[in-house]
Amino acid sequence: MYALLQRNLFVHRKVNVDSSAAMCSVDPCISSSLLRPRRMTPEEFWTPLPDALDTKDTMKQFLSERIMKAAKAVYSALIERNPGLIRDRKHHLKTYRQCCSGKELVDWLIKLQDCSQLRSQAVGMWQVLVDEGILIHVKQELNFQDRDTQFYRFIDMEFDVGQSGDEKDSREEELQESLSLLVQMGPDALLTMILRKPPNQRSAEDLEVIYEELMHIKAAAHLSTSVRKELAAVLAFESHTKAGTVLFSQGDKGTSWYIIWKGSVNVITHGKGLVTTLHEGEDFGQLALLNDAPRAATIIMREDNCHFLRVDKQDFIRIVKDVEANTVRLEEHGKAVLVLEKSSEQESANQGGAASSSKYTVMSGTPEKILEHLLDTIKLDTNGSDQIDASVSDFLLTHQVFMPSGQLCTALLNQYPSTRISTAWGLYLLSSRFLNNSITYHAEPSEGSELEKAAYALNTKQKIVKLVVQWVSLYGLSLKDNPPVVDFLESLRKEVLGDSRLYALLREQLKERRKKMLDNGHQPSLKQHNELDWFLGYDNPAGKCQPIKVNDKVLHEVFRPDHTFVCLMLPVNSSVLDIVEAMTSSSGDYVLVKMNSSGDREELKLEARAVSTSLGLNERLFLCSANQVDELTPLREQLGPELNTMEPLEQMCSKDIAVQLNSYDWELFSTMHETELLYYVFGREKFPNTTTANLERFMCRFNEVQFWVVTELCLCVDQAKRATLLKKFIKIAIVLKEQKNLNSFYAVMFGLTNSAVTRLYKTWERVPNKTRRIFTTYERMLDPARNHRAYRLAVAKLSSPYIPFMPLILKDMTFIHEGNKNYTSTLVNFEKMRMIARTMKIVTDCRDQPYSVPSSPQKGLTERMFLDTPAIRLSTYSDQSLTLRSSSNVRYYVQNLKVIDNQRKLTQMSRDIER
């Protein structure tokens with residue numbers, strides 16, 4: 001049972017803190033007397049963090065002040081607009097003086113925001129004030145309740161609400177900013193409130209909130225849907241206020257499994273001392289429950305206010321048994337070839353895409369058996385146009401990890417009932433039965449009429465055709481770069497052309513695909529084709545950034561030690577050896593070196609490939625002899641500009657700059673295929689004949705925009721102009737956020753929060769208070785706490801199209817890849833593939849609608865900011881300034897940014913302009 005659990009339930013991770021394998025190695029030179037076990041006090045186990053704690057205390061105080069200010073603004077609006085909400089109330093023959101009911105507060109807040117937000121979101125906003133002790137329940141209860149009979153008071157009632165009419169605009173702005181702050185903090189407060197409830201008092205909506213949170217917690221993100229749902233029902237909340245508190249000691253009986261929700265702990269063992277430190281999102285205590293063994297280590301709070309999610313032993317064991325009961329293994333010749341988990345349609349829908357038509361979800365299996373099972377899940381209606389199962393697209397997006405395209409083509413041909421209809425029919429008539437949680441297939445002799453066999457054969461062919469159409473739809477023209485796939489598609493096309501029924505089905509499928517492409521703003525080729533073409537409509541759009549394909553030739557700019565250079569047009573996947581041989585008669589003693597603007601050098605291995613497209617910002621390639629490497633110096637262009645571009649920036653409108661950033665980013669984003677994420681994370685060794693050039697170009701753009709902000713500010717010597725420029729960048733960030741370009745929004749915000757910029761205190765003091773308040777509000781989205789929960793909550797409210805924060809998507813995929821094995825025993829870990837595909841589909845979903853400048857959900861906020869600057873009559877502009885403001889010039893500017901990416905140099909420049 002436990003072996004099955006470890007294979008299918010919990011994550012395969014590199015470190016298990018309950019295991020002795022986590023112990024530190026011992027230096028043999030240490031005196032043996034120092035290794036004798038002795039009893040240590042909790043104070044010795046605890047490693048204090050004075051600097052970190054001071055910083056956290058300061059941030060907590062700052063945040064509490066902001067919440068208090070927000071509460072004043074909300075309270076002022078409450079008594080100004082609805083003073084009747086605060087009144088004496090009677091309940092159960094008792095009078096409660098001057099209070100509000102929870103339900104009325106929620107109703108008022110929803111009406112005030114004039115939006116269709118959920119009541120639970122409003123509850124979370126009020127819970128923020130309850131947690132801060134600003135809004136108090138008349139019976140001192142800690143959880144805010146959306147009920148008529150639950151009453152609340154604001155503390156002391158000492159808020160200043162008497163303000164003059166001239167301050168109405170200012171009050172309205174403060175109210176909107178206060179509501180924005182509470183909206184951002186509400187989900188955390190709501191979740192904490194739900195977790196404090198006893199498990200048996202949680203509603204279905206509460207369980208859904210916990211389930212969503214578990215998807216973003218490191219220790220639980222990899223669990224199956226059914227396991228996360230069971231955990232949501234039993235998780236208990238546990239907190240400890242003081243650093244140095246012992247949670248449990250080595251040798252204690254294991255009673256619970258813990259996930260760190262907030263804070264960190266030290267792991268201590270007798271004789272070894274501090275073994276490791278665990279942080280937010282990590283877990284401990286699992287192995288003692290699995291093995292029914294004593295605790296292998298002592299756990300001590302490393303900091304104040306540590307919060308945990310706890311699963312008690314009885315619930316843990318029950319979940320283990322449920323997993324085993326719902327797991328079915330298909331065996332052939334005594335060996336497992338497919339592992340399935342019983343699931344509901346709703347659970348399958350939660351995994352992404354349409355609800356599964358299958359009662360079982362694939363957990364692991366051989367590639368051929370997984371394909372066979374998924375083909376069986378494809379259901380056909382009368383015209384074969386129903387929605388395909390989400391697991392099929394998961395398989396197609398990730399099949400290259402465990403089943404190369406050539407192998408997939410062979411497997412599909414083997415499944416295709418052309419020359420082997422009788423064999424296929426025999427498989428169709430296989431009977432199955434459950435024995436000891438296993439499925440054993442018993443082949444029977446072929447039975448049935450010829451008409452029935454023909455009907456089965458047609459059904460199978462239709463399923464394969466439908467799967468292949470989906471495959472081509474997901475991969476597009478990139479399949480043309482794979483000769484075995486091209487041959488397979490041609491063979492299948494000929495088969496289809498010879499069968500009128502399949503021909504009609506495929507025409508219908510391609511017609512539906514073409515219609516969807518038109519709906520998404522793509523203009524497919526209008527060429528008429530007498531015969532079917534799998535790739536009809538997949539022409540590259542003209543006038544846009546073109547994708548770099550695996551067989552394309554790209555420019556390789558290689559410099560010599562004297563800074564002269566040679567330009568070579570070589571295939572994108574050329575090796576270092578190819579480059580060296582193209583520049584010299586023989587490789588000899590020559591080496592190819594990659595050097596950045598700081599002068600850091602890296603000698604590239606001869607077998608390394610695609611080095612040109614993988615260069616970082618301001619990195620260049622140098623060819624030299626081995627004894628010249630240490631003499632290489634960066635190019636002048638690598639060091640970045642010496643003067644800023646303040647003059648053209650002053651003439652360009654912030655909105656125009658943001659629009660052109662969006663346009664160019666979308667072009668780069670559109671050239672990147674989802675599978676490049678797979679290639680990038682799994683590595684070139686796994687996928688040698690692929691390219692990630694488009695993804696790397698998009699990632700380089702992120703760094704370029706980030707350092708553009710820092711460069712321009714640090715090159716601006718005049719303090720007044722620098723403050724103006726700082727305000728402009730904040731405006732650009734706001735427009736980027738409202739137009740749903742989160743990648744560049746984060747790039748600009750990271751630039752504004754770079755240490756070289758944040759230290760410019762005098763400059764920040766010149767920025768208007770209103771602008772700084774708005775910046776502080778948006779800065780909360782950069783908070784990485786709880787696996788970047790602030791960002792994920794913001795994204796959850798967006799509809800396509802939008803440009804996501806790509807570094808976080810790569811981080812998620814890397815985390816999934818490194819935390820889970822590709823195979824469990826000899827079977828493909830399809831649960832891992834499903835998680836990888838789910839992340840890849842984020843990119844797909846972002847682009848399923850045509851991109852245009854979207855309407856702003858916070859239009860008023862941006863308009864008020866841009867109205868701050870007095871309007872200038874058109875006649876006051878010079879011809880030069882009007883030229884600079886043209887969209888073509890703004891576009892040229894944003895596509896050719898010159899930046900300094902040397903952080904040390906930027907910091908020194910910052911100190912030079914403002915000490």
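The following paragraphs lead through the structure, from the chain as a whole to one sheet, one helix and two cysteines.

The model is predicted. Its protein chain contains 35 helices and 24 strands. Of the 915 residues in this chain, 50% are buried. The surface that the protein chain exposes amounts to about 43400 Å², and carbon and sulfur atoms account for 50% of that area. Contacts within the chain reach across the sequence: among those between residues at least 6 apart, 71% join residues at least 24 apart.

One part of the fold that can be followed strand by strand is an open sheet. Four strands build this sheet, arranged in the order 1-2-4-3, with antiparallel pairing. Its edges are formed by strand 1 (87-91) and strand 3 (135-137), each of which pairs on one side only. On average, and with direction ignored, neighbouring strands of the sheet are turned by 50 degrees against each other. Between strand 1 and strand 2 (residues 94-101), the antiparallel pairing runs over four bridges. The bridge partner of K90 is T95, which lies in strand 2. Helix 4, spanning residues 102-113, packs on this sheet. Helix 4 touches strand 1, strand 2, strand 3 and strand 4 (151-154), and its direction makes about 15 degrees with that of strand 2.

A second region to examine is centred on helix 19, which covers residues 576-583. Four residues of this helix, V576, I579, V580 and M583, are buried. They lie on the same side of helix 19, because the arc they cover around the axis is only 95 degrees. The elements that cover the buried residues of helix 19 include strand 18 (553-559) and strand 19 (565-571). Strand 20 (590-595) and strand 22 (620-625) are also among the covering elements.

The cysteines remain to be considered. A disulfide is a covalent bond between the sulfur atoms of two cysteines. The structure holds zero disulfides. Two cysteines, C306 and C545, may be described by their accessibility. C306 has a relative accessibility of 0% and therefore counts as buried, since the limit for that class is under 20%. C545 has a relative accessible area of 22%, so this residue is partly exposed; the partly exposed class lies between the buried limit of under 20% and the exposed limit of over 50%.

How values were computed: Residues are numbered from 1 along each chain as its sequence is written. This is a predicted model: local features need pLDDT of at least 70, side-chain atom pairs count only at pLDDT 80 or more; totals for chains, interfaces and linings use all residues. Side-chain values use heavy atoms; hydrogens and water are left out. A disulfide is a pair of cysteine sulfur atoms within 2.5 Å. Buried means under 20% relative accessible area, exposed over 50%, partly exposed in between (1.4 Å probe, protein chains only). Helices (H or I, at least four residues) and strands (E, at least two) are DSSP runs, numbered from the N terminus. Contact means heavy atoms within 4.5 Å. Accessible areas come from the Shrake-Rupley method with a 1.4 Å probe; for residues, only the protein chains shown count as cover. Two strands pair if DSSP finds at least two bridges between them. Axes are lines fitted to C-alpha atoms, for helices over the stretch in contact, and angles run from 0 to 180 degrees between N-to-C directions. The arc is that of the directions from the helix axis to the C-beta atoms.
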